[in-house]
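Got a model on the screen and not sure where to start? Let's talk through how to read it, feature by feature.

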Amino acid sequence: MRRSPTDRYLPPDHDAFVAADPPTGRVIVIAPTRAACETIELAMGLHLDTVLERTHGAELRTLAAGGKGFGIVAGTGTGKTLAIRPIAETILGTTALRVGVVNREREATPETPTWTVVIVTTGIARRWFQDGDILPTDTLLVDEIHQTSAELELCLALGKRVGCRFIWLSATVDPRFFARYLSAAAVLESSAFDPAKAADVRVVRKDPVEFLDDRFLRDVVHKGRGVGVFLPTRAGVEQAAGVVGERFQRITVAFYHGGEPIRVIRPFLDGTVTKPYLLTMTAAGQSALNVHGLDTVVIDDTRFANVIEHGRNVLTRVHLGANEILQMAGRVHGRVAGGRVFLLSDRDIDFGSLRPVPPEFQLAGDSERVALTCAALGVRADDLELPVALDARAYREALALLTGRGIIAHDRLSDYGRAVEALPVDRSWAELIVHGDDAILPHLAVMSSIESLHRMTREERNLNGLLIAGSDHLTAYNVYAEAFTRFGAIGEVYGLPRHMFDEDIHEWAEWRGVLVKALEDAALAMGSVYRSVGLPLPTAMPTATDATLRAFADLVAAIMPFDLVIDEATADGHPARVSRSSVCGSWGAVAGNLRYFADRWGTPRAAIEGTQIPMDLIRKDATRTVGNIVYAPGRRAVPFAREVNVGYFGFTLERELEPLDAAPAPDVATRLKREYTARRPRQTHKRRKRRR
């Protein structure tokens, strides 16, 4: 079977949506995350006095009315998000804004054409460009433009291609690139920095746990401090919070990272937490948070960045950039009397000399997404004025891969490609969903919605009774299935059906070592998959068994949309180990996602999580390629044979010699014998050398 999904995030009636475009054009607000969409929607209903309004309000409205693009670079606490409302009112010429949101949680509706301000995430904005829903008359208002991603960078290039006007908002960053690339008529710069409140900044050569010693923590208790600790990893955030919480129970301790729901630190955001407190956060987790009462910031000068090498994203440990340090320190520096900033670093940092720098771009590492987008639009990659040079070789390889898979035909999306692109999941999972039957759809919908088993669980986890040996994918599904069976029900959010979990799940999640947010995100994405294929959500989630593993492996083997590693090597012979957190074995075939990381010496390494595929299934779906005729003297009747290669998605499984019934023409036979003889002395020499 082959499904024909519907993209529920596009306006249901494209013609009605385009026809309803107001004379001024719509204001399309592009936000980096689903949470940012909600924040912007809330800001559209507020009228607050902000630093930005007091210092640049009149100028901002003049620029908005001028018809040209411009940028705003504003520090924390200046109110740049609240500036979106007066900008939209000025452009549209009315205070009666009709605002709507489309993100993974809220689909487009028949009322979408009536909206004059549309707030979307970067991925959905890109889909709208592909569908022709964004017009030259529209204004693109890009919030948090410094939070670069492949999707955002594609949206910038697509907006330039359409001819839209750009207004962009950014935190601390050097704005010159964006000003030039997006043809900004001006850049407003605003800051809430008060020189009288400059923080005491110190560079300390200690690791985080060593720094958070008794002396520091006693001072936090004695002076009633509010401390924020910014660390690079989820494990580090949890460890630091655990160490402090065990030793100093008088300090209110919590942690927050991308795997935690925002409600766990709500008291820190609404100001109800009492000092002394200590909140540990990842850099990504803290970027949009405004923590009340913060007066001390501890910054680990470490981050893990995606460094683009030959079209691959290689996760590499590096120092923080100036932008990150300034943004984190800006939580207290110049904003809080008696503020302190501690930089934990092995290098000398002159904080006073730090200046914003241009952002780092990610698009070069996602050539497949560029190829899919160009095929959807019917354009060439070099027709797009991308913000960063694309790896031409990686792009050609991605185009060849997608063409070979039947997703692209004649440089356009095929019918199959359009079905794959309509699904709100990664391409590999979308292919499986398009081909999978209804019996395995619940498993596919959940697995496609979970980034990885490793990202779903904590360092210490208990998977007893849930583990499917040989499949990280189905083990992750079983975690979700147990959570839903014990604590779930079907509910509605924004009028859309979704699996919901009750509050009792938290004790179970702590016992299992499972992140509740990963379950909630999976439920959200799963609901969107089911709506795309036009089926009701399942009311029961059966546990996956070995029979499920066989059926899933059979489907994967037939289509093989994933990266593939056999005996810890890729098809081109590069080593790729099975991840330490994986439940797969090291040998045999593993299909999943290859991730590249730099080891302590900076050498790129590859690791894979996924599902082991039995070799009998691989051989069943392997292809036989007939090769050349060769001289085979061991065959007495007709000493000639034809080479046959048995291959599977780039791997050569075996080479065979297929006997011929008749010898080739005499001249061909003579040539083949000569070639055999020319090779033979070298082979004989090698055998003799080994004997010695």
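What follows is a chat between a learner and a teacher.

Q: What kind of model is this, and what should I keep in mind about it?
A: It's a predicted model. Side-chain atom pairs count only at pLDDT 80 or more.

Q: Okay, overall picture. How many helices and strands does the chain have?
A: There are 25 helices and 26 strands. The C-alpha trace spans about 95 × 65 × 55 Å along its principal axes.

Q: How does the radius of gyration of the chain agree with a compact globule?
A: The idea is to set the value against what a compact globule with that number of residues would have. For 692 residues that would be near 26 Å, and the chain has 29 Å, which agrees.

Q: What do the contacts and the surface add?
A: For contacts, look at how far apart the partners are in sequence. Taking pairs at least 6 apart, 71% join residues at least 24 apart. As for cover, 53% of the 692 residues count as buried. The accessible surface comes to about 31600 Å², and carbon and sulfur atoms own 50% of that.

Q: And how many positive and negative side chains are there?
A: You get 84 positive and 86 negative ones, with the centres of the two sets 7 Å apart.

Q: How do I read a nonpolar core? Which residues touch the most other members of the largest one?
A: Ask who the hubs are. The largest core has 120 residues, and Tyr480, Leu519 and Ile613 touch the most other members. Take Tyr480: beyond residues up to four places away in sequence, it touches Val446, Met456, His499, Phe501, Leu519, Ala522, Ala523, Met526 and Met541. There's also a second, separate core of 28 residues, with Leu52, Leu60, Phe70 and Ala74 among them.

Q: What about the residue right after that tyrosine, Ala481: is it buried or exposed?
A: Buried is under 20% relative accessible area. Ala481 has 1%, so it's buried. Ala481 sits in helix H20, residues 472-487. Setting aside residues up to four places away, Ala481 touches Met541 and Pro542. Its C-alpha is 8.3 Å from that of Ala540, though the two are 59 residues apart in sequence.

Q: Before we look at more helices, which residues of an α-helix point the same way?
A: There are 3.6 residues a turn, so residues three or four places apart do.

Q: Now a case. How many of the eight residues of helix H16 are buried?
A: Six, so this helix is mostly covered. H16 runs over residues 415-422, and the buried ones are Tyr416, Gly417, Ala419, Val420, Glu421 and Ala422.

Q: What covers the buried residues of H16?
A: The cover includes helix H5 (122-131), helix H14 (367-377), strand E17 (412-413), helix H17 (427-435) and H22. H22 spans residues 516-533 and holds Ala518, which counts as buried because its relative accessibility is 17%.

Q: Where is Asn323, and what is it in contact with?
A: Asn323 is in helix H13, residues 322-329. Asn323 has 8% relative accessibility, so it counts as buried. Leaving aside neighbours within four places, its contacts are Thr172, Val173, Pro356, Val357 and Pro358.

Q: Let's do backbone oddities. Which peptide bond is cis?
A: Check omega: the bond from Lys275 to Pro276 is cis, with omega near 0 degrees. Pro276 is in the loop between helix H11 (266-270) and strand E11 (277-282).

Q: What is going on at Tyr277?
A: Tyr277 lies in strand E11 and counts as buried, at 1% relative accessibility. Outside its neighbours within four places, Tyr277 is in contact with several residues, including Arg225, Ile251, Phe268, Val291 and Leu294. The C-alpha atoms of Tyr277 and Val221 are separated by 8.4 Å, with their positions 56 residues apart along the chain.

Q: Where do I find positive phi in a residue other than glycine?
A: Try Tyr494, with phi near 55 degrees. Tyr494 is in the loop between strand E18 (488-493) and strand E19 (496-501), and is partly exposed, with a relative accessible area of 47%. Asp411 also has a positive phi, about 65 degrees, although not a glycine. Asp411 lies in the loop between strand E16 (408-409) and E17, and at 53% relative accessibility counts as exposed.

Definitions and conventions:
Residues are numbered from 1 along each chain as its sequence is written. This is a predicted model: local features need pLDDT of at least 70, side-chain atom pairs count only at pLDDT 80 or more; totals for chains, interfaces and linings use all residues. Side-chain values use heavy atoms; hydrogens and water are left out. Helices (H or I, at least four residues) and strands (E, at least two) are DSSP runs, numbered from the N terminus. The radius of gyration is taken over C-alpha atoms; the globule rule is 2.2 Å times the number of residues to the power 0.38. Buried means under 20% relative accessible area, exposed over 50%, partly exposed in between (1.4 Å probe, protein chains only). Contact means heavy atoms within 4.5 Å. Accessible areas come from the Shrake-Rupley method with a 1.4 Å probe; for residues, only the protein chains shown count as cover. Lys and Arg count as positive and Asp and Glu as negative; His and the chain ends are not counted. The place of a charge is taken as NZ of Lys, CZ of Arg, CG of Asp or CD of Glu. A nonpolar core is a set of buried Ala, Val, Leu, Ile, Met, Phe, Trp, Tyr and Cys residues joined through side-chain atoms within 4.5 Å.
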